Amino acid sequence: MEREPRDGSLFFRGVQNRSHEKTKLRKRKSALYLSPEKSGGRRGGLLGENIYLVLFTIVLRICNCFLVQTSFVPDEYWQSLEVAHHMVFNYGYLTWEWTERLRGYTYPLIFASIYKILHLLGKDSVQLLIWIPRLAQALLSAIADLRLYSLMKQLENQQVARWVFFCQLCSWFTWYCCTRTLTNTMETVLTVIALFYYPLEGSKSINSIKYSSLVALAFIIRPTAVIPWIPLLFRHFWQEQRKLDLILHQFLPVGVVTLSWSLIIDRMFFGQWTLVQYNFLKFNVLQNLGTFYGSHSWHWYFSQGFPVVLGTHLPFFIHGCFLAPKRYRILLVTVLWTLLVYSMLSHKEFRFIYPVLPFCMVFCGYSLNHLKTWKKPALGFLFLSNMLLALYTGLVHQRGTLAVMTHIQELGYNNPHKSAASVFVMMPCHSTPFYSHVHYPLPMRFLQCPPDLTGKSQYLDEADIFYLNPLNWLNKEFPNNSTMPTHLIIFSILEEEIKAFLISRNYERTAVFFHTHLPEGRTGSHIYIYERKLKGKLNKR
C-alpha cells in the first residue's frame, strides 16, 4: 500500500507511480487471458525452478545412472538398445516381438538417433553406445522429478513440495529403474510430466493439449500406459463444461496426429502399415498370452508387488492417504485402479506399476510434512533403508550378465587374432544384452524362447528343451568339433550337469563373474566363461 503524500512533489510522484501501476496491471491481465501455462512460465530459472535445484537434480540422476550397473529385465536391452543398434548398424538380433509386429519403433528411434549421431561423428565406441542412451534417460527422469516438485508447489506450498521431492529422490525403486532404457521408465516420465499439465484443483499450469499429447505419446510407446489415465481422463471429461469442444478440438486432433506419427514411423521400418498398439493389446490383454513368461495369483500386486515397489515408504503412504485433502483422492483412485486392472492379467511384474509410484510419493510427502516429534528419525530411516537397497540392487544384485559382456567385447577389439571367435550363451533366454553391448559382428547365439502362437498344447521352446537334458541336447546339437563355438557362457548351476561335455570337447574355464546372492531356478550365483582349447585338457579349478 502507498503512503499518504506529504508535499506536492510526493503527490505528483505518487500520481506518476499509479499511472505505471495501471499499465502493469493491464499487461498482467492480458497475459492471464493468453494461457495459464504462459503466466506460470514467468517464474524464471530453468524449467521454472531455481537453477541450483535443477542442477542438483540433474547431477543426482547422472550419479544415479553410473551407480546402476546391474541388469533388471531383458526388455531394457532387447526392446530398445538392441533394436536401435540393428536400425543404425544393420546387424544384430530382433526378437519375435518385432517379427510379429507387437512393438513400435518410436521408442527405439530415440536411441537410434543417438547412435546415428555418434556414428557420423566417428565416436560410436561401445562404451558410448552403452552409456549415452542411459544418460539421456536419466536427464528425462530428472525433468520428471522437477515437474513433480513444481506441481506440488502449486497445489500446496514449498514445504510440502520439498517432502514429496525428497520421497521421490530417495525411493529405491525409482533409483533402480529411472535410468534404465525401459519403455516403463519412459512411460513413467511422460506420466509425471503430463500430470503437471493436468487440470488438478489448484494447479496453475493446466494445458489440455500438452497433457493429452504426452499421454498419447506414452500410449504409442507402451499401449498399457493408458491404464492409469482412464480415471484421470474420465474425471476431466466429467468436470469439463464444454465436453464436445474438449473432444473435437483437443483430444481428437492430438490422437490423430500422434497415431499418424506412429503409423508412419512403423511403416518406414516394418515396410507395411501396422497398428502395433492393437497387436500389443491383443497379445497381452485380449489373448493374455503373456502368461507364457510366467503367471502370478490375482492378489500378487497387493500382497507382494506394491509393497516391494514402495518399500519402506509404505507406512508413510498409508498415513498420507488419511491426511491428504480430498482433491488428491483422484490420485489414490488412479493407483488403486491401476493395481486392480493389472491384477486381472496373469503375467505380472514389478515394473508394470512403476508409473503410479510418483503418485504414491505425493501421499508419502504429505505424511512427512505432518510428522512432528518423530520426523528426524523417520527421515533417517527412509533415507538409509532406501539407499542401502538402491545401492545393493544397483551395484551388486544381478551384475554378472553385464560384466560378462565386457569380457566378450575384448574378443573382437583387443584380440584381432581371435577373429574366428564365436559365442554361445547357454543361459535362460535374453539373460544378457547382445550386440548393443559388444558393437562388433562377432558370431553369437543364445537359447531362444518365443511363445507358441499356433495353439499347440504341449509346446516347448528351445530353452525348455535344453534344460530338460542339457548334456543330451549338446551332444545332438554339436555332433562334431567343427561346429563347436569357441566360447560358452553358463550359469554356475549348469556346470556339473554338462561337465562331461566340457571335458570331452576340451573346454577350459577362463573367467568367473559374480552374479547374485539369491540364485533360483536356472539362474546361478556366478557366471562362467569356458573357452575351447585346440590342445590339452580342461584344467580343473
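**Notes on two cavities and two helix packings**

1. Starting with the smaller of the two topics on voids: the second largest cavity holds about 60 Å³ of space. Keep in mind that this is a predicted model. Its lining is made up of Ser 141, Ala 144, Asp 145, Gln 168, Thr 174, Cys 178, Thr 188, Val 189, Val 192, Tyr 354 and Pro 358. Two elements, α8 and α11, are the ones that give two or more residues to that lining. Sorted by class, the lining of this second largest cavity comes out as six nonpolar, four polar and one charged.

2. Those two helices are worth a look as a pair. Helix α8 covers residues 126–155 and helix α11 covers residues 183–197; their axes come within 9 Å and cross at roughly 30°. Angles under 35 degrees count as roughly parallel, so α8 is roughly parallel to α11. As for handedness, the α8 and α11 crossing is left-handed.

3. Who makes the α8–α11 contact? On the α8 side you'll find Gln 137, Leu 140, Ser 141, Ile 143, Ala 144, Arg 147, Leu 148, Ser 150, Leu 151 and Gln 154. On the α11 side, Thr 185, Met 186, Val 189, Val 192, Ile 193, Leu 195, Phe 196 and Tyr 197 take part. The split for this contact is twelve nonpolar, five polar and one charged. Note the overlap with point 1: Ser 141, Ala 144, Val 189 and Val 192 belong to this contact and also line the second largest cavity.

4. Now the other void. Searching the whole structure turns up two cavities of 30 Å³ or more, and the largest contains about 100 Å³ of space. It has 14 lining residues, with Leu 102, Arg 103, Gly 104, Ile 220 and Ile 221 nearest the centre. By class, the lining of the largest cavity has nine nonpolar, four polar and one charged.

5. Which helix gives the most to the lining of the largest cavity? That's α15, with three residues. At least two residues each come from α7 (106–120), α12 (208–221) and α15 (276–286).

6. Last, a second helix pair for comparison. Helix α16 (residues 300–310) packs against helix α19 (residues 357–370) at an angle of about 65°, the axes being 11 Å apart. Here the crossing is right-handed, whereas the α8 and α11 one is left-handed.

7. The α16–α19 contact involves Phe 306, Val 309 and Leu 310 from α16, plus Leu 357, Cys 360 and Met 361 from α19. By class that gives six nonpolar, no polar and no charged residues. In the α8–α11 contact, by contrast, five polar and one charged residues are present.

Technical notes:
Residues are numbered from 1 along each chain as its sequence is written. This is a predicted model: local features need pLDDT of at least 70, side-chain atom pairs count only at pLDDT 80 or more; totals for chains, interfaces and linings use all residues. Side-chain values use heavy atoms; hydrogens and water are left out. Axes are lines fitted to C-alpha atoms, for helices over the stretch in contact, and angles run from 0 to 180 degrees between N-to-C directions. Helices (H or I, at least four residues) and strands (E, at least two) are DSSP runs, numbered from the N terminus. Angles under 35 degrees count as roughly parallel, over 145 as roughly antiparallel, 65 to 115 as roughly perpendicular and the rest as oblique. A crossing is left-handed if the near helix is turned anticlockwise from the far one by less than a right angle, and right-handed if clockwise. Contact means heavy atoms within 4.5 Å. Ala, Val, Leu, Ile, Met, Phe, Trp, Tyr, Cys and Pro count as nonpolar, Asp, Glu, Lys and Arg as charged, and the others, Gly among them, as polar. On a 1 Å grid over the protein atoms alone, a cavity is a set of points where a 1.4 Å probe fits but cannot get out, and a pocket is an open set with protein on both sides within 12 Å along at least five of seven lines; lining residues have an atom within 4 Å of a point. Grid points are joined across faces, edges and corners, and a volume is the space filled by probe spheres set on the points.
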